[in-house]
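Me: I'd like a close look at one part of this protein, with the rest brought in where it helps. Could you start from a single buried spot and work outwards?

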Amino acid sequence: MSATAAIHAGLRQLGIEQEDARDLYERVTGKRSLREMSDRERQGVVQALRQQGFKPASKGLQGRFAKKLQALWIAGWNLGLVRDRTDAALVSFVRRQTGIDHVRFVHDAADAAKAIEALKAWLSRDGGVDWTRTHGRAWLATEPARIAWAQFAMLLPGATLMGNSQMFADTAGTILGQGQTDLDALTPLQWQAVMSALGKRVRTVRK
């Protein structure tokens, strides 16, 4: 991964928005644009993001169910439940649930279900994620949207879909740099950005 790609990944992971990113660039290099920087300066920005908690995705986590497990693990991180978002911590969790030494050795659907359902139950019980109902809202049909709504409800105790859906849409729009936002039209990548930004706020509150 190039330094520029790592910076963009770090900004998404930490939920750092554009103007805050430019402030970070200036503190580290004296420049507000990546295009103005040398490769060494960009590496300095990557290091600064690491100091703030950026953990580049591991290339080593593989297996039939790895992607699903990792998505749920990161959801737990963004809900403030998972304290260690690394692949190694996920591998340890899967080992406790299944008795299998590594995610890449989980080949059977029944074994995978033990870890997947344990994660989903945790996110439901302690994170407030509703995995089953959409309450008549098309945008709640996807897991990322359900997680983002649970994050919003953590940040606004007592929030309801009936009373606060528009506020949630406005929050998502602000995160995405949009004006009025149609939640039904958000792409999976956009929901990821919303979850990442809300995750930073949730972790701050839960500390």
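Reply: Let's start with Ile74, which counts as buried because its relative accessible area is 18%, under the 20% cut-off. Keep in mind that this is a predicted model. Ile74 sits in helix H4, which runs over residues 66-78. If you look across from there, you'll find Met195: the two C-alpha atoms are 9.7 Å apart, although 121 residues separate them along the chain. Met195 falls within the span of helix H9 (188-206), so with Ile74 in your view you can use that pair to find your way from H4 over to H9.

Helices H4 and H9 also turn up together in the make-up of the largest nonpolar core, which has 47 residues. Which elements give two or more residues to this core? They are H4, H5 (87-98), H6 (109-127), H7 (143-155), H8 (161-176) and H9. The residues with the most contacts inside the core are Leu69, Leu123, Trp139, Trp149, Phe168, Leu183 and Trp191. As background, nonpolar side chains tend to be buried together in soluble globular proteins.

Trp191 is a good one to click on next. Leaving out residues up to four places away in sequence, Trp191 touches Trp139, Thr142, Pro144, Ala145, Ala148, Phe168, Leu183 and Leu186. Three of the names there, Trp139, Phe168 and Leu183, are also on the list of residues with the most contacts inside the core.

Now try a charged residue. Is Lys120 buried or exposed? Lys120 counts as buried, because its relative accessibility is 17%. Lys120 belongs to helix H6, and, not counting residues up to four places away in sequence, Lys120 touches Leu72, Trp131 and Glu143. Leu72 lies within the span of H4, and Glu143 within that of H7, so you can follow the Lys120 contacts out from H6 in both directions.

Carry on past the end of H6 and you come to the loop between H6 and H7, where His135 lies. His135 has a phi near 55 degrees, a positive value in a residue other than glycine. With a relative accessible area of 40%, His135 is partly exposed.

Apart from the big core there is another one, of 17 residues, and its members include Ala3, Leu11, Ala21 and Leu49. Leu49 is in helix H3 and is buried, at 0% relative accessibility. Beyond its neighbours within four places, Leu49 touches Ile7, Gly10, Leu11, Leu14, Ile16, Leu24 and Phe54. For a sense of distance, the C-alpha atoms of Leu49 and Asp101 are separated by 31 Å, with their positions 52 residues apart along the chain.

Val45 is in helix H3 too, which covers residues 39-51. Val45 likewise counts as buried, with a relative accessibility of 0%. Once neighbours within four places are set aside, Val45 is in contact with Ile7, Tyr25, Val28, Thr29 and Met37. Ile7 is also among the residues that Leu49 touches. Val45 and Gly10 are 35 residues apart in sequence and 9.7 Å apart in space, C-alpha to C-alpha.

From here you can get back to H9 by way of helix H1 (residues 3-14), which holds Arg12. Arg12 is exposed, with a relative accessible area of 52%. Arg12 and Gln192 are 180 residues apart in sequence, but their C-alpha atoms are 8.5 Å apart in space. Gln192 falls within the span of H9.

Zooming out, the protein has nine helices and zero strands. With 207 residues, a compact globule would have a radius of gyration near 17 Å, and the 18 Å of this protein agrees with that. The C-alpha trace spans about 50 × 45 × 30 Å along its principal axes. Buried residues make up 44% of the 207. Of the contacts between residues at least 6 apart in sequence, 55% join residues at least 24 apart. On the outside, the accessible surface comes to about 11,200 Å², and 51% of that belongs to carbon and sulfur atoms. As for charge, the protein has 30 positive and 20 negative charges, and their mean positions are 4 Å apart.

Technical notes: Residues numbered from 1 in each chain as written. Predicted model: local features only at pLDDT ≥ 70, side-chain atom pairs only at ≥ 80, totals over all residues. Heavy atoms only, no water. Helix = DSSP H or I, 4+ residues; strand = E, 2+ residues; numbered from the N terminus. Rg over C-alpha atoms; globule rule 2.2 N^0.38 Å. Buried < 20%, exposed > 50% of the residue type's maximum accessible area, 1.4 Å probe, protein only. Contact = heavy atoms within 4.5 Å. Areas by Shrake-Rupley, 256 points an atom, 1.4 Å probe, with all protein chains shown as cover. Lys, Arg positive; Asp, Glu negative; His and termini not counted. Charge placed at Lys NZ, Arg CZ, Asp CG, Glu CD. Core = buried A, V, L, I, M, F, W, Y, C linked by side-chain atoms within 4.5 Å.
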